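Work through the exercises below with the model open. Each one sets a task and then solves it step by step.

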Amino acid sequence: MANLFEIIFVRSWWTYDVKEPFGFSACYHWFNILEGLVWFVFSALVLLRFLRHRQLRIELCYCALFAAFAVSDFVEAWQQSSWLIWLKLFNLYGLVWTRERVMRRHYPEARVY
């Protein structure tokens, strides 16, 4: 039972290794850094929309969720672990729920942004 707990909540699945000979480690590392930067751009776009338009407080939460997802990708660039997967899953759920709420209630005419 303790082993199952370790697998589900504690285990480190991957760690960045500069010397890894096949290049997977470097590709995964830099992909996550790039992905984190993209999430920060989304966070900034939501913040700009908040400052420009309706100034809904929920958009600040939406912005913070994007920023938290970006930070989780930067952590993932160095190490992938079970607790991080769970954290990202909960963050993703929050992003989807908040986006649906913001877009449907406050920007129904918008399709993407």
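Rings of Phe, Tyr and Trp (its six-membered ring) pair if their centres lie within 6.5 Å. The model used throughout is predicted.

**Exercise 1. Find which residues form one aromatic cluster, then describe the pair of Tyr 62 and Phe 66.**

Step 1. Apply the pairing rule to the chain. The count comes to eleven aromatic pairs.

Step 2. Take one of them, Tyr 62 with Phe 66: the centres are 4.9 Å apart and the planes make an angle of 45°. Planes under 30 degrees apart count as stacked and over 60 as edge-to-face, so the rest are tilted. The Tyr 62 and Phe 66 pair is tilted.

Step 3. Place the two rings. Both residues belong to helix H3 (residues 57-76), four residues apart, about one turn of the helix. Residues three or four places apart in an α-helix point the same way, because there are 3.6 residues a turn.

Step 4. Check burial, with the cut-off at under 20% relative accessible area. Tyr 62 has 3% relative accessibility, so Tyr 62 counts as buried. Phe 66 has 9%, so Phe 66 is buried too.

Step 5. Name the cluster. Trp 14, Tyr 16, Phe 24, Tyr 28 and Trp 78 form one aromatic cluster.

**Exercise 2. Find which rings have the charged ends of Arg 11 and Lys 88 over them.**

Step 1. Start with Arg 11. The charged end of Arg 11 sits over the ring of Trp 13, 5.2 Å from the ring centre.

Step 2. Go on to Lys 88. The charged end of Lys 88 sits over the ring of Phe 69, at 4.4 Å from the centre.

**Exercise 3. Decide whether Asp 73 and Asn 91 are buried or exposed, and list their contacts.**

Step 1. Asp 73 lies in helix H3. Its relative accessible area is 0%, so Asp 73 is buried.

Step 2. Leave out residues up to four places away in sequence. Asp 73 then touches Asn 32, Glu 35, Gly 36, Trp 39 and Lys 88.

Step 3. Asn 91 sits in helix H4 (residues 82-106). At 11% relative accessibility, Asn 91 counts as buried.

Step 4. With neighbours within four places in sequence set aside, Asn 91 contacts Leu 65, Ala 68 and Phe 69.

**Exercise 4. Compare the reach of H2 and H4 with the expected span, and find what the buried residues of H2 pack against.**

Step 1. H2 (residues 24-52) has 29 residues and reaches 42 Å from first C-alpha to last, close to the 42 Å expected.

Step 2. H4 has 25 residues and reaches 36 Å, close to the 36 Å expected.

Step 3. Buried residues of H2 include His 29, Ile 33, Trp 39 and Phe 50. The buried residues of H2 pack against strand S1 (12-15), H3 and H4.

Step 4. In H4, the buried residues include Leu 84, Lys 88, Gly 94 and Val 102.

**Exercise 5. Count the disulfides and explain why Cys 61 has no bond.**

Step 1. A disulfide needs two cysteine sulfur atoms within 2.5 Å. The count is zero disulfides.

Step 2. The closest cysteine sulfur to that of Cys 61 is in Cys 63, 9.6 Å away, so it is too far for a bond.

Step 3. Cys 61 is partly exposed at 39% relative accessibility. Cys 27 is exposed, at 55%.

**Exercise 6. Find where confidence is lowest and where it is highest.**

Step 1. The chain averages a pLDDT of 89, and 96% of the residues score at least 70.

Step 2. Confidence is lowest in helix H1 (residues 2-10), at a mean of 76, and highest in H3, at 96.

Methods: Residues numbered from 1 in each chain as written. Predicted model: local features only at pLDDT ≥ 70, side-chain atom pairs only at ≥ 80, totals over all residues. Heavy atoms only, no water. Helix = DSSP H or I, 4+ residues; strand = E, 2+ residues; numbered from the N terminus. Buried < 20%, exposed > 50% of the residue type's maximum accessible area, 1.4 Å probe, protein only. Contact = heavy atoms within 4.5 Å. Lys NZ or Arg CZ within 6 Å of the ring centre and 35° of its normal. pLDDT = per-residue confidence, 0-100. Expected span 1.5 Å × (residues − 1).
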